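Trainee: I have a new structure open and would love to learn how to read it. Could we go through it together, one question at a time?

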Amino acid sequence: MFKYSLDIKDQVAVISFDHQGKPLNYFDSETLSLLEQILALAINTEDKGIILTSLSQNAFTTQNYEVLFKYTKEQLWESSKALQKVLRKLETCGKPVVAALNASTLGIGLEFALAAHYRIAYDSSQLQIGFPDIQLGILPLAGGANRLARKIGITASLPYLLEAQIATAVEAKEVGIIDQLVPDKTDILAAAKAWILNQPTSMQPWDHKNYKIPGGEVLSPQGIQLFSTTIASLRSKTWGNNEGAYAMLRSLYESLQMPPDRAFDVERRYFIYSLTHPNTYNLYHSLVKGKEKLVKLASQYCSKEKGSIKQVGIIGAGSIGASLAYCCAKAGIKVLLQDLNKELSEKGRNYTHELLYRQLIANKISQEKYLEIIQRIEIAEGYKGFENCEIVIETVFEEVSLKRQILKELSSFCSPQTVIISNTAALTYLELQQAVINSQSYLITHFFSPIEQTTLVEIATNDQVSNSTLARAIKFCQAIEKIPLVLPTAIPFFTFHLLLAYMQEGACLLEEGFPAALIENAAHLAGFENGPLATIDKFGLEQLTSILKQTTLNQAVTESFNSVIEKMYSAGRLGKKLGKGFYDYPETELPKLSPELKKLFPATQNSSAAPIVKQRLLLSVVIAALNRWNNQEKDSLWQADIASILGAGFPAFTGGVFNFVSRYGNNYFIESCNNLQQTYGNRFAVPQLFNLISN
Amino acid sequence: MREAYIYDAVRTPRGRGKPDGALYEVPPIQLVVQLLHALRERNNLDTNLVEDIILGCLTQINEQASDIAKLAGQTAGYPVNVPGVTLDRFCASGLESVNMAAAYVMSGQIDLIIAGGVESMSRARLGANGGSWYTEPAVAYPGHYIPQGVAADLIATLYGYSRKDVDEYAVLSHQRAAAAQRAGKYNKSIVPVKDVNGFTILDHDELVRPETTVEGLAKLKPAFEAVGKAGFDKVALQRYPELDEIHHVHHAGNSSGLADGAALVMIGSAQIAEKTGLKPRAKIRSFAVVGSEPTIMLTGPVPSSRKALERAGLSVENIDLFEVNEAFAAVVLYYMQEMNIPIEKVNVNGGAIALGHPIGATGAMTLGKLLDELEERNLQLGLCTLCVGGGMGITTIIERV
């Protein structure tokens, strides 16, 4: 865990962190006492100073939070106090302490580094520095937030503390988190030693008598202005749904007005508050645990699959095709891109051009990299070259006959080994599968647009599909850094059902006289990423109605939904692609709800209706999930949870659709459903699967 | 319950509340001291009868701190047995003092009391005393705090007041104030502020601009758009989700101006008239203060007025004249719309858009202004109301006797 060694020649103590690949529990009493002993050893000998360094790649990274969720608040208070004392002792021991950062320094690792008097890292974009767990609502626990803000100023610290921004070593040096950069990893220890032998300060700035926070104290005019605007921008960005960031801001405001020792106590109070907040566990459950399990599951499918994907053919250069081409090229995969004509194909390739160009201007990639990536995308004429692709994906319009025709052509042109994929949100599997010659090597994906901004992809298969086909498809998804969710055969297109229920509820609300703004705002207030009307715009009415018409889903939609769609059709407002839907999409400005909606859908409800709108939107999705997830294994529910968040934009802090029900309690759920059913009809009836999850 | 009578009301002229304003050179306590002298002289007052001085003051720091009311009495040469208390109910502070004073008299605990307010915005910068209201996350975040200007724009957006509507109202305020100034209507209450030699520093309200036009105002940029875009608009939308955006219509020209000034109202029981021979000018019929939704903040005058009317057993139609503080044009437009009252009865001599709004003093100033005009027109009932920061409203109804 930790080792103490003494550089006899220079009389410098080295404390090495080594966790052998596992995140450590710093609250464990054994760990704590070992830390205390080593520190005592380093302080009590005749050493001139102390170097903190890491012997393994992730030694300076995260605390094991999994175990912490089992602690009581009292236990957390005691253990965090002990750890806080260790760090405080380190910075007040009278000897210079230097953190030699030879690996990424995140979370608890950064807390140690900040308790040192000086930080040296090596010049690398690979070396990451920050507090990533703030994303989950887990705050620094041993004075880390305080030390960061006191070192670099409150303003500069906020992106790291409220938004979990991660800095590279160079960025960290620029803002002052890191004090010195050396060219190479191997130079760090020597530099650290040299710093100590130079008889540096062994006192933290904040322990000096006349210390002032750089850039202004909390209650200085600058501080007052800063907190006032930060409170507003935090609420504005998070719709009041980020408990962790809110707790962090409270902690900073209250603790930074005090001397360090009292301040660190306050920081720990908020750490405990945030760690034990239900949202934190929900986020951990879905975004950490759920993701981990999903990644592991995917790997099991393709553990035997050897070889990597080198070339992919993409038919259809629309939004999905273009976005997919970008992801492939970025991941080092050659792309053959094809659409009806060269112009359309070029337009698809241009998407990559534009994205890369923006990165080039922002200095995120080099000129060489830019060219290298863009050159991987080749415009194909006909199917020429597709015979050399390991995978061919068609992303054409959601129309069965069109897709079947292309699949037919493809499967006669490509070799039997080529995996052929259709990308669709919901078209019927069998109808498509019957068009290919070799159904063993055919399956369906559902990528979410824009692919580069999403993490999930749904994969639908059936028993005709060979294991190696599935394995190769998964390999491909992994190569472009997507997490595949292989859906049980009986429930393909899980997320589309959720999205459809969501869009439908939004449209119903509009038809019933709820103002469009109220519907969209209530969705954001409930924690959804996109409003239901924005979601319809994103699909586009043409895609959406095409899917509905060609599937049995048409029977499930309500009259109000159809009426809204009809009105929008006749108003020529077909969606984002055409620049106008429920929103107007001006080229240079942010989208705005169209003023025309007020005429098309006269509003009769006001803001007091927000709670019911929120409830209807949330429950419509939960009920759709319960109705759809007819898989009887209780063990699989977590997959639905993560799919609902990553694929359907369900609020992450709820932990997903099913976790939402358990969080609010069965009675609340049944009662709410019953009430809604009475007023709005049977689509709010308690689904049968509820009995399974409620036990 | 006893009646509380208004025996007199005086005020300083309102100076521009900036370093180029005439009253910038006058410490706030001097504004009050000169008014205390004026009350003594105008009424030949035996100051031994004064049982308390209550002053409203928002920015209680530096020279406005340490209970300026007590220090003013002492400095004005009132007897040592006259105490003083300073209170803060934001913009309502001046009227709150009057209401509290009236309550003391009504309850029989005091017979004669001086109430009012003071604010030197040129010397004590607005906001200089801080406050958890907008700075402390645990207060401002759940409270959905937005600055008052954005709140005024929110009212305009919710109730559909256009830029033209609010600008037209602002022009009317200037025209009415200028006309009143020309007719000498303010002179009854104004006590010119003098220097140590007796030279007059300011004898009239400094901010009135008779030349103001709608076309001229149209050139001003909305003052709260930038701060709104920085996040506060979205905070407002989270409280009023039926809106898709906030229309920013307010600017310096249709909002109340920063001002320096003080005002005092002398309130007493019927016995005071017997004892001193002073003649009461009006009585306080009722008063009310209410909390209201804190994000929109400025809609409180409607519920506080309804409450005060009910308490007095009066209806809106009974009121002859209204004074609705012109914190922002939309506040007055909203009040007239909700209470269904004609513009001819409201702020007939202009308001804070033209005259300025020395926060702690305005309520007492406006009450005096209302009384003067009731006397001028020989009318009976007047209602004075102010919107209040943080989401409150205050109303006082007076009747001439």
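Trainee: Which residue in E5(B) is the bridge partner of B:Leu55?

Mentor: Good start, and keep in mind that this is a predicted model. B:Leu55 belongs to strand E3 of chain B, residues 53-56. Four bridges join E3(B) to strand E5 of chain B, residues 112-120, and the two run parallel. In E5(B), the bridge partner of B:Leu55 is B:Gly116.

Trainee: Which residues of E3(B) point the other way from B:Ile53 and B:Leu55?

Mentor: A general rule helps: in a regular strand the side chains alternate between the two faces of the sheet. In E3(B), every one of the four residues is buried, with B:Ile53 and B:Leu55 pointing one way. Pointing the other way are B:Ile54 and B:Gly56.

Trainee: What is the handedness of the crossover from E3(B) to E4(B), left-handed or right-handed?

Mentor: Let's look at the pairing before the path. Strand E4 of chain B, residues 85-87, runs parallel to E3(B), and three bridges join them. One place to see this is B:Ile54, whose bridge partner in E4(B) is B:Val85. Between the two strands the chain passes through helix H2 of chain B, residues 68-75, and this β-α-β crossover is right-handed.

Trainee: Which residue in E12(B) stands opposite B:Phe287?

Mentor: Let's follow strand E9 of chain B, residues 282-291. This strand pairs with strand E1 of chain B, residues 5-11, in the antiparallel sense over two bridges, and B:Tyr5 stands opposite B:Lys283 there. E9(B) is also joined by nine bridges to strand E12 of chain B, residues 392-400, again antiparallel. Opposite B:Phe287 in E12(B) stands B:Thr396.

Trainee: Moving to chain A, which strands stand at the edges of the eight-strand sheet, each with a single partner strand?

Mentor: Read the order of this open, mixed sheet: E12-E11-E10-E13-E14-E15-E16-E17. A strand at the edge has a single partner, so one side of it is left without a neighbour in the sheet. The edge strands of chain A are E12 (377-379) and E17 (483-486).

Trainee: About what angle does the direction of H12(A) make with that of E17(A)?

Mentor: Begin with the strands: E16 of chain A, residues 456-460, pairs with E17(A) in the parallel sense over four bridges, and A:Glu458 stands opposite A:Leu485. Helix H12 of chain A, residues 278-301, packs on the sheet and touches both E16 and E17. Its direction makes an angle with that of E17(A) of about 75°.

Trainee: How many residues of H19(A) are buried?

Mentor: Helix H19 of chain A covers residues 494-511 and reaches 26 Å from its first C-alpha to its last, close to the 26 Å expected. Just after it, A:Gly513 takes a positive phi of about 105°. The helix is largely enclosed by the rest of the structure, because the number of buried residues among its 18 is 17.

Trainee: Which residue takes a positive phi just after H20(A)?

Mentor: Helix H20 of chain A, residues 516-526, is mostly covered, with 11 of its 11 residues buried. Among the buried ones are A:Glu520, A:Asn521 and A:His524. Just after this helix, with a positive phi of about 110°, comes A:Gly527.

Trainee: Is B:Ile190 buried or exposed?

Mentor: B:Ile190 lies in a loop, between helix H7 (163-182) and strand E6 (193-194) of chain B. Leaving aside neighbours within four places in sequence, B:Ile190 is in contact with B:Arg11, B:Pro13, B:Asp203 and B:Asp205. Buried means under 20% relative accessible area. The value for B:Ile190 is 11%, so this residue is buried.

Trainee: Which helix gives the largest share of the largest nonpolar core?

Mentor: In general, nonpolar side chains in soluble globular proteins tend to be buried together. The largest nonpolar core here has 157 residues, and A:Tyr26 and A:Leu83 touch the most other members. Its largest share, nine residues, comes from residues 329-339 of chain B, which form helix H12(B).

Conventions
Residues are numbered from 1 along each chain as its sequence is written. Chains are lettered from A and ligands numbered from 1 in the order in which they are written. This is a predicted model: local features need pLDDT of at least 70, side-chain atom pairs count only at pLDDT 80 or more; totals for chains, interfaces and linings use all residues. Side-chain values use heavy atoms; hydrogens and water are left out. Buried means under 20% relative accessible area, exposed over 50%, partly exposed in between (1.4 Å probe, protein chains only). Two strands pair if DSSP finds at least two bridges between them. A crossover is right-handed if, with the strands pointing away from the viewer, the path from the first strand over the helix to the second runs clockwise. Contact means heavy atoms within 4.5 Å. Axes are lines fitted to C-alpha atoms, for helices over the stretch in contact, and angles run from 0 to 180 degrees between N-to-C directions. A nonpolar core is a set of buried Ala, Val, Leu, Ile, Met, Phe, Trp, Tyr and Cys residues joined through side-chain atoms within 4.5 Å. The expected span of a helix is 1.5 Å times one less than its number of residues.
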